[in-house]
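Got your viewer open? Let's take a walk through this one together, from the whole fold down to single residues.

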Amino acid sequence: MGQENCTIVTEFILLGFSDVPELRVFLSLLFLLIYGVTFVANLGMIALIQVSSRLHTPMYFFLSHLSFVDFCCSAIIVPKILFNILNSEKTISFLECMVQFYLLCTCVVTEIFLLAVMAYDRFLAICSPLLYMVSMSQKLRMLLVSGCYLCGIVCSLIHLCLALEIPSYRSNVIDHFFCDLPPILNLACCDVSINELVGVIMATSSEIITVVIILTSYLFILITILRMRSAEGRRKAFSTCASHLTAIIVFHGTIFVIYCRPGSGNGMRTDKVTSVFYTVVIPMLNPLIYSLRNKDVKGAFRIVGSKIFS
């Protein structure tokens with residue numbers, strides 16, 4: 001690509017889903033519905049955990065932070081998607097683009113580590129129930145959650161600093177519905193091999209570390225469940241673990257497909273569809289998955305509801 005075609009970019013154009021104009025109304029209604037459910041479910045979960053004393057346990061402490069991260073992830077992405085679908089003007093300023101990327105990356109990396117922490121918490125609760133409250137002390141909970149947020153902030157800051165070093169771009173048209181790193185690097189005029197290498201290394205190492213923790217925790221949980229004498233207890237435990245693992249597999253699977261391979265910005269159409277799952281769908285499903293099969297949450301909701309409407 002000739003240097004004469006490279007320019008300093010002040011704004012980007014997010015194509016989003018403009019390649020399917022016949023689905024504009026359907027997509028706008030679909031994303032609006034998903035955003036509404038995500039908004040109510042996650043904020044409702046946070047509020048319920050705060051006001052219900054029976055939910056003041058380590059598990060729900062971590063779940064409240066997962067709901068907060070999911071809410072932030074959806075709030076960063078979906079309003080811009082809706083705006084671009086409903087408007088012909090699809091521009092986003094360079095600063096707004098970088099801020100969106102940084103905030104979303106922070107939320108995603110934080111959730112990657114938070115899911116691993118939640119799996120470890122379930123391992124302690126099921127495999128060492130008598131020592132659970134002692135082992136998972138308030139100090140340890142705060143330390144683990146702070147570590148998750150710190151990992152998200154630091155990883156995102158590294159990617160942001162490297163992205164800001166790009167002097168010019170051969171185009172300002174991003175074939176995506178948000179400012180993601182691979183499509184931005186794909187437009188750069190300079191050599192971005194360092195950016196891509198750092199991205200693959202950080203994404204792969206984060207995935208390996210967290211997936212190992214999750215799989216190891218659930219392996220010990222599975223062994224403990226199989227030793228249960230109650231068939232009903234085994235069935236309920238299997239059902240709960242299966243729903244949790246399904247959400248985790250979808251989330252980690254999409255992250256792995258998009259970010260853990262070299263040249264990840266080349267399959268843009270596939271990446272765009274895949275990104276919908278971890279940025280839009282998973283934040284909606286998580287509070288539903290972790291609450292619909294949970295007696296404590298249902299009971300707390302009934303108690304709070306009866307107090308409100310009595």
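Accessible areas here come from the Shrake-Rupley method with a 1.4 Å probe. Keep in mind as you go that this is a predicted model.

**Stop one: the whole thing**

Start by showing everything as a surface. The accessible surface of the protein adds up to about 15500 Å², and carbon and sulfur atoms account for 70% of that. Now switch to the C-alpha trace and turn it around: along its principal axes it spans about 70 × 45 × 30 Å. How does the radius of gyration sit with what a compact globule would have? For 310 residues, such a globule would come out near 19 Å, and the protein has 21 Å, so the two agree.

Next, try colouring by burial. Of the 310 residues, 49% are buried. If your viewer can draw contacts, look at those between residues at least 6 apart in sequence: 79% of them join residues at least 24 apart.

**Stop two: the cartoon**

Go to cartoon view and you'll find 10 helices and 3 strands. Following the chain along the sequence, you'll pass them in the pattern β-α-α-β-α-α-α-β-α-α-α-α-α.

**Stop three: a pair of helices**

Select residues 138–164, which is helix α5, together with residues 193–226, helix α7. Their axes are 10 Å apart, and the helices pack at an angle of about 170 degrees. Angles over 145 degrees count as roughly antiparallel, and α5 and α7 therefore fall into that group.

Zoom in on where they meet. On the α5 side, pick Cys-155, Ile-158, His-159, Leu-162 and Ala-163; on the α7 side, pick Asn-195, Val-198, Gly-199 and Met-202. What is the mix of classes in this contact? There are 6 nonpolar and 3 polar residues, with no charged ones.

Stay with His-159 for a moment, still in helix α5. Its relative accessible area is 10%, so His-159 is buried. Leaving out residues up to four places away in sequence, His-159 touches Val-198, Gly-199 and Met-202, and also Phe-101, Cys-105 and Leu-181.

**Stop four: the loop after β1**

Now jump to Leu-15, in the loop between β1 (11–14) and α1 (24–51). Is Leu-15 buried or partly exposed? With a relative accessible area of 29%, Leu-15 is partly exposed. Beyond its neighbours within four places in sequence, Leu-15 is in contact with Lys-90, Val-173, Ile-174, Asp-175 and His-176. Put a distance label from Leu-15 to Phe-178: the two are 163 residues apart along the chain, yet their C-alpha atoms are separated by 9.0 Å.

One of those contacts of Leu-15, Asp-175, makes a good next click. You'll find Asp-175 in the loop between β3 (173–174) and α6 (181–186). A relative accessible area of 30% makes Asp-175 partly exposed. From there, draw a line to Asn-195: C-alpha to C-alpha, Asp-175 and Asn-195 are 19 Å apart, with their positions 20 residues apart in sequence.

**Stop five: just before β1**

Step back to Val-9, in the segment before β1. Val-9 is buried, at 11% relative accessible area. Which residues does Val-9 touch, not counting those up to four places away in sequence? Show Phe-94, Tyr-169, Ser-171 and Asn-172 to see them. For a longer line, connect Val-9 to Ile-208: they sit 199 residues apart along the chain, and their C-alpha atoms are separated by 36 Å.

**Last stop: helix α3**

Finish by selecting residues 94–127, helix α3, and find Leu-95 in it. Its relative accessibility is 62%, so Leu-95 counts as exposed. Then stretch one more distance label, from Leu-95 to Lys-307: 212 residues along the chain, and 46 Å between the C-alpha atoms.

Notes. Residues numbered from 1 in each chain as written. Predicted model: local features only at pLDDT ≥ 70, side-chain atom pairs only at ≥ 80, totals over all residues. Heavy atoms only, no water. Axes fitted to C-alpha atoms, helices over the stretch in contact; angles between N-to-C directions. Helix = DSSP H or I, 4+ residues; strand = E, 2+ residues; numbered from the N terminus. Parallel < 35°, antiparallel > 145°, perpendicular 65-115°, else oblique. Contact = heavy atoms within 4.5 Å. Nonpolar A, V, L, I, M, F, W, Y, C, P; charged D, E, K, R; others polar. Rg over C-alpha atoms; globule rule 2.2 N^0.38 Å. Buried < 20%, exposed > 50% of the residue type's maximum accessible area, 1.4 Å probe, protein only.
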